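Please open the model in your viewer and keep the selection tool at hand, as each stop on this tour begins with something to select.

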Amino acid sequence: MGSELYLIYMNNINPIISVIVPAYNVEKYLRRCIDSILAQTFTDFELLLIDDGSTDQSGEICDEYADKDARIKVFHKANGGVSSARNVGLDNAVGEYTCFCDADDWVDSHWLQGFTEAFPNDLIVQGFCYKNPNQKNWEKCKINNECKKVLDALDYLHRVKNMGYLWCRCFKSSIIKDNNIRFNEKFVVREDYDFIICFCTHICNMMLVSNCSYYYLMPDFTGIKYSNVKNDSECILSLLNNIHLIVGDNCHREFVLSEVVRLQNNIFKELLGKDKTVYSCMKKYEQIKHITNYTPLTLKEKFKDIYIRVMNKIHKYYV
């Protein structure tokens with residue numbers, strides 16, 4: 001073992017940052033992702049690669065890199081989804097801060113450095129670069145350099161469409177551990193947003209930095225993962241409960257009302273499909289409407305709201 005690699009190994013005992021990368025059948029992209037993380041200008045980190053029961057060569061690629069760099073830890077597990085993989089990472093991370101990266105994306109060499117320049121803060125948020133499958137050129141989601149109260153930051157991040165993305169955020173690990181914050185493994189989509197909002201209930205301020213160091217290849221939202229999702233009402237209710245802890249009496253916020261509308265859409269679809277579990281959401285929907293002073297704005301929203309109220313009364317009558 002050379003002296004340089006030995007020094008990296010010694011530093012890796014108590015790394016400043018833990019980077020968690022879940023991997024499931026991503027052999028086509030995984031090397032690009034890992035190489036970009038290992039090329040960071042900030043080197044005091046550990047990289048946790050979680051092989052989530054891959055059936056391709058992803059697991060072998062993870063092991064190959066771990067043999068070359070002492071900062072890399074590999075965990076092989078039965079397939080359980082991205083949330084369970086990230087939770088394995090959280091259970092084994094030892095860094096003072098925690099970051100996430102998706103295996104089919106990559107970062108530039110200043111990704112981690114951009115976070116460290118904003119230490120110490122409980123939550124640091126960067127901008128990012130993104131491209132959908134049909135685009136040729138990359139676009140940027142830019143944010144301003146400033147420290148904001150959590151509520152003001154959420155308002156601002158909602159406006160610039162940087163709300164539920166894990167990989168452009170750096171979390172203080174002690175807050176995650178002390179409050180046992182984990183990804184809900186029952187949620188198929190928006191589990192990352194739920195994690196972020198839960199984390200935000202335990203902090204006061206958020207540091208925003210203008211770096212756009214993460215390259216996000218937007219998924220095909222018409223694909224199997226998303227087409228099989230009938231609704232995410234349970235996730236929305238979790239979000240709204242935690243959001244209420246953050247906003248208190250200041251519920252009439254755009255990012256709050258957007259969740260109310262999303263819940264309304266889900267309830268409407270479930271009622272049309274005659275899903276009996278939907279009635280458990282109706283009471284909560286009415287409570288949230290009252291708390292937020294939600295008033296349907298569009299004709300579509302008004303129609304759905306009326307339909308839901310009528311069906312709720314019918315249900316109460318027959319129960």
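Select Glu234 in this predicted model and look at its surroundings: Glu234 is partly exposed, with a relative accessible area of 45%. Add Lys186 to the selection, and you will find that the two side chains meet in a salt bridge, at 2.9 Å from N to O. This pair links distant parts of the chain, since Glu234 belongs to helix α10 while Lys186 sits in the loop between α7 (173–178) and α8 (191–200), 48 residues apart. Lys186 counts as exposed because its relative accessible area is 60%, and exposed means over 50%.

Next, select Asp305 and Lys289, which form another salt bridge, with the closest N and O atoms 2.8 Å apart. Asp305 lies in helix α13 and Lys289 in helix α12 (residues 279–292), so this pair ties together parts of the chain that are 16 residues apart in sequence. Are these two residues buried or exposed? Both Asp305 and Lys289 are buried. Now select Arg190, Asp232, Glu259 and Arg262 together, which are joined into one network by salt bridges that share partners. The structure as a whole holds 17 salt bridges, and one further example is the pair Glu146 and Lys148, whose side chains meet at 3.7 Å from N to O. Here Glu146 is partly exposed, at a relative accessible area of 25%, whereas Lys148, at 18%, counts as buried, because the limit for buried is under 20%.

Stay with helix α13, which spans residues 299–318, and select Ile314 within that helix. With a relative accessibility of 39%, Ile314 counts as partly exposed. If you add Ile306 and Val310 to Ile314, you have selected a nonpolar surface patch of about 240 Å².

Then move to helix α3, residues 58–68, and colour its buried residues, which are Ser58, Gly59, Ile61, Cys62 and Tyr65. Turn the view until you look down the axis of α3: the buried residues fall within an arc of 160°, so they line one face of the helix. A general point helps here: an α-helix has 3.6 residues a turn, so residues three or four places apart point the same way. Which elements do the buried residues of α3 pack against? They pack against α2 (30–38), β2 (45–52) and β3 (72–77). On the face of α3 turned away from its buried side, you can select the exposed residues Asp67 and Lys68.

For the next stop, show the strands β5, β12, β7 and β8, which form, in that order, an open sheet of four strands with mixed pairing. The edge strands are β5 (106–107) and β8 (139–141), each of which pairs on one side only. Select β7 (residues 128–131) and β12 (residues 214–217), which pair in the parallel sense over three bridges, and then pick out Cys129, which stands opposite Tyr215 in β12. In general, strands of a sheet pair through backbone hydrogen bonds, either parallel or antiparallel.

Finally, select Asp249, which is found in the loop between α10 (233–247) and α11 (254–272). Asp249 is exposed, with a relative accessible area of 79%. To end the tour, draw a distance from the C-alpha atom of Asp249 to that of Ala23: the two atoms are separated by 41 Å, and the residues are 226 apart along the chain.

Technical notes. Residues are numbered from 1 along each chain as its sequence is written. This is a predicted model: local features need pLDDT of at least 70, side-chain atom pairs count only at pLDDT 80 or more; totals for chains, interfaces and linings use all residues. Side-chain values use heavy atoms; hydrogens and water are left out. Patches are made of residues with over 30% relative accessible area and no salt bridge: like charges are joined within 9 Å, nonpolar side chains (Val, Leu, Ile, Met, Phe, Trp, Tyr) within 5 Å. Accessible areas come from the Shrake-Rupley method with a 1.4 Å probe; for residues, only the protein chains shown count as cover. A salt bridge is a side-chain nitrogen of Lys or Arg within 4 Å of a carboxyl oxygen of Asp or Glu. Helices (H or I, at least four residues) and strands (E, at least two) are DSSP runs, numbered from the N terminus. Buried means under 20% relative accessible area, exposed over 50%, partly exposed in between (1.4 Å probe, protein chains only). Two strands pair if DSSP finds at least two bridges between them. The arc is that of the directions from the helix axis to the C-beta atoms. Contact means heavy atoms within 4.5 Å.
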